[in-house]
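This report goes through a model of two protein chains, from the overall fold to single residues. Please keep the sequence and the 3D view open while reading.

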Number of protein chains: 2
Amino acid sequence: MRLKKPEAIVLVSGGMDSALTAAIADKKYNLNFLHVNYGQKTEMRELKAFNEISDYYQVTNRLIADISYLGKIGGSSLTDSKLKISKADLKSKDIPTSYVPFRNANILSIAVSWAEIINAGKIFIGAVEEDSSGYPDCRKNFFKSFNTLIRIGSKAGSGIKIVTPIINLSKKEIVIKSVKTGSPLHLTWSCYKNNVIACGECDSCALRLRGFQSAGVKDPVNYKKLISYN
Amino acid sequence: MRLKKPEAIVLVSGGMDSALTAAIADKKYNLNFLHVNYGQKTEMRELKAFNEISDYYQVTNRLIADISYLGKIGGSSLTDSKLKISKADLKSKDIPTSYVPFRNANILSIAVSWAEIINAGKIFIGAVEEDSSGYPDCRKNFFKSFNTLIRIGSKAGSGIKIVTPIINLSKKEIVIKSVKTGSPLHLTWSCYKNNVIACGECDSCALRLRGFQSAGVKDPVNYKKLISYN
């Protein structure tokens, strides 16, 4: 008799980090996918990627949470139509204009609420410390602190834990591991700016392209401007 | 010259605890009100209370955040139409059926995102430890842990802090303090079940009525069933 796998929630934005995280979680858990719409300009395209990745992993239990109030409060170039998506500056130590304050706390809180209901013990998030130095809610100690909050603030014995399996990887290693695990790179979407052809110039495109270029792998996604970031 | 007061966010559900919390914050801060719709059955009535309390305090900066995905995931009698609102059992130590998992983490995360944008240093929440023993995300150590999370996960130097000015008060003391500070009790709404006349029987009505009865003050709100809880 085959034992039923335990339940896990995976946060799936539609980018390659979350697709790889799903590939890793898939080995040991029964998957439940959470996607969050926070009013970002590329939401339509991300949702398409989310659904195609869900189909790929045959995940039927999908939750799409609309937290577009984060768009209403403004302040980020991802959601505020008055602000322009800035071109990548991978050497800068400033917080980029695409920063949405405390975004991961919002997303993880939804995941914990859902996890309590469906008895999922693990919440997988594809956060990567290296390329998120400007985002305070992407660092290891943030997730550690969030796990403490869950222990204190959820039903006794829930045992829910955030898991960050790729947090120590570089984008190069992510590309290599994605190829190895058969993660559906061709279905993923990373661009912050465009919905049809990736711009190649925003922070997210730049990080992705640098990863592919240093891994020596061809990105299956098409770009408007194919810049070398090595 | 009069100095401009610093900005604060107050979470205003529409109940008497949040109205008193607003009265306390009003003394030192410029108020910004946040109301959350999480798909609860009495949302329409709570929103009316929210807007009337906002008018009372002359607060123009109002954010109504729709997190009705908490309704979609189900599991709580407040949001799940298949579950009945249970009658109050104030002596029980079980988590009541009205429990929405990790609700306060969801609400506070929104508040922190907003606070970073409008440079508010304080977030006031009218949580009360005494009457929320069944809710793990209403206890003092939960808010303490959340303040740690904010320090780690928000922009360096934001200094945002959750403030819980009535957490140690009993419902009796809340009624007495509300009368003293001129909090608009007549505009507040607490019932979990009804939208026109409060039921008098749900957890929230029972706690409220017990507070008024032990303070010897007449509740300005009308009840379908006026039960004695003393």
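The text below covers the fold, the pairing of the chains, three helices and a few loop residues.

The model is predicted; local features need pLDDT of at least 70, side-chain atom pairs count only at pLDDT 80 or more, and totals for chains, interfaces and linings use all residues. Residues are numbered from 1 along each chain as its sequence is written, and chains are lettered from A and ligands numbered from 1 in the order in which they are written.

**Fold of chain A**

Chain A contains 7 helices and 5 strands. Helices (H or I, at least four residues) and strands (E, at least two) are DSSP runs, numbered from the N terminus. Their order along the sequence is β-α-β-α-β-α-α-β-α-β-α-α. Of the 230 residues in chain A, 52% are buried. Here a residue is buried if 20 or more other C-beta atoms lie within 10 Å of its own, exposed if 12 or fewer, and partly exposed in between, with C-beta atoms placed from the backbone. Among contacts in chain A between residues at least 6 apart in sequence, 69% join residues at least 24 apart; two residues are in contact if their C-beta atoms, placed from the backbone, lie within 7 Å.

**Pairing of the chains**

A rotation of 180° with 0.0 Å of shift along its axis superposes chain A on chain B, at an RMSD of 0.0 Å. This is the relation of a two-fold axis. The superposition is by least squares on the C-alpha atoms of residues with pLDDT of at least 70 in both copies.

In the interface, 34 residues of chain A are in contact with 34 residues of chain B. Strand S3 (62–66) and helices H3 (69–73), H4 (103–118) and H5 (140–153) of chain A each supply at least two residues to the side that touches chain B. H4(A) gives the most, with 9 residues. By type, the residues of that side of chain A are 19 nonpolar, 10 polar and 5 charged. In this count Ala, Val, Leu, Ile, Met, Phe, Trp, Tyr, Cys and Pro are nonpolar, Asp, Glu, Lys and Arg are charged, and the others, Gly among them, are polar. Because 100% of the interface residues of chain A are also interface residues in chain B, the copies meet through the same surface.

**The nonpolar core**

A nonpolar core is a set of buried Ala, Val, Leu, Ile, Met, Phe, Trp, Tyr and Cys residues joined through C-beta atoms within 7 Å. The largest one has 134 residues, and A:Ala111, A:Ile123, B:Ala111 and B:Ile123 touch the most other members. Leaving out residues up to four places away in sequence, A:Ile123 touches A:Ile9, A:Leu108, A:Ala111, A:Val112, A:Ala115, A:Ile160, A:Ile162 and A:Val163.

**Three helices**

Helix H1 (residues 16–26) of chain A is mostly covered, with 9 of its 11 residues buried. Its buried residues pack against S1 (7–11), S2 (30–37), H2 (43–56), S4, H6 (171–181) and H7 (203–215) of chain A.

In H5(A), the buried residues are A:Phe142, A:Phe143, A:Ser145, A:Phe146, A:Leu149, A:Ile150 and A:Gly153. They cover an arc of only 160° around the axis, which puts them on the same side of H5(A); the arc is that of the directions from the helix axis to the C-beta atoms. The face turned away from this buried side carries the exposed residues A:Lys140 and A:Asn141. The cover over the buried residues of H5(A) includes H4 and S5 (161–163) of chain A, together with H4 (103–118) and H5 (140–153) of chain B.

In H2(B), B:Glu43, B:Glu46, B:Ala49, B:Phe50, B:Ile53 and B:Ser54 are buried. Seen down the axis of H2(B), they fall within an arc of 135°, so they line one face of the helix. They pack against H1 (16–26), S2 (30–37) and S3 (62–66) of chain B.

**Loop residues**

A:Ile125 sits in the loop between S4 (122–124) and H5 of chain A, and counts as buried with 26 C-beta neighbours inside 10 Å. A:Ile125 and A:Thr21 are 104 residues apart in sequence but 6.9 Å apart in space, C-alpha to C-alpha.

Two other loop residues of chain A have a positive phi without being glycine.

| Residue | Phi | Loop | Other C-beta atoms within 10 Å |
|---|---|---|---|
| A:Gln58 | about 55° | between H2 and S3 | 8, exposed |
| A:Asn119 | near 55° | between H4 and S4 | 11, exposed |
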